[in-house]
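User: Please take a close look at one part of this model and set it in the context of the whole. A connected account in prose would be preferred.

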Amino acid sequence: MPNSVGTFGLCAAPLHPACRLLDPAPCPAAADRLDRLLAVVVGAKDTEADLRAYARIIQKEALAWTEQST
């Protein structure tokens, strides 16, 4: 399943080059959310079955991560 937060250049505003002139205040909550973000690439050719398969994979992996952290 294609995914990558880094591919999209997602980062909290204080770290984003376009925001440097605005001098935004640090936002730990935003940075934390981005650290936990999964960006899934969905294309026009993806079918309903593909989307359901992606959802099953994400649910399965999220459950495994949750079990590991407890």
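Analyst: Aspartate 23 counts as exposed because its relative accessibility of 65% is over the 50% cut-off. The model is a predicted one, and in it the phi angle of aspartate 23 is near 50°, a positive value in a residue other than glycine. Along the chain, aspartate 23 belongs to the segment before helix 1, the helix that spans residues 28-35.

Alanine 13 lies in the segment before helix 1 as well. Between the C-alpha atoms of alanine 13 and aspartate 23 there is a separation of 9.0 Å, with their positions 10 residues apart along the chain. A second pairing involves alanine 25: its C-alpha atom is 8.4 Å from that of alanine 13, and the two are 12 residues apart in sequence. When residues up to four places away in sequence are not counted, alanine 13 touches Cys19 and Pro24. With a relative accessibility of 36%, alanine 13 is classed as partly exposed, whereas aspartate 23 is classed as exposed.

From this segment the account passes to helix 1 and its charged residues. Here the side chains of aspartate 32 and arginine 33 form a salt bridge, with an N to O distance of 3.2 Å. Aspartate 32 has a relative accessible area of 28% and is therefore partly exposed. Arginine 33, at 54% relative accessibility, counts as exposed. In general, side chains of opposite charge can pair when their charged atoms come close.

The structure holds 2 salt bridges, and another of these pairings joins the side chains of arginine 52 and glutamate 48, at 3.4 Å from N to O. Both residues are in helix 2, which covers residues 48-69; because they are 4 residues apart there, about one helical turn separates them. Arginine 52 is exposed, having a relative accessible area of 52%.

The wider setting can be given in a few figures. The protein has 2 helices and 0 strands. Of its 70 residues, 6% are buried. Its accessible surface comes to about 5,800 Å², and carbon and sulfur atoms contribute 60% of that area. Among contacts with a separation of 6 or more, 54% are between residues 24 or more positions apart.

To return to the part in question, aspartate 23 combines a positive phi value with an exposed position, in the segment before helix 1.

Methods
Residues numbered from 1 in each chain as written. Predicted model: local features only at pLDDT ≥ 70, side-chain atom pairs only at ≥ 80, totals over all residues. Heavy atoms only, no water. Buried < 20%, exposed > 50% of the residue type's maximum accessible area, 1.4 Å probe, protein only. Contact = heavy atoms within 4.5 Å. Areas by Shrake-Rupley, 256 points an atom, 1.4 Å probe, with all protein chains shown as cover. Salt bridge = Lys/Arg side-chain N within 4 Å of Asp/Glu carboxyl O.
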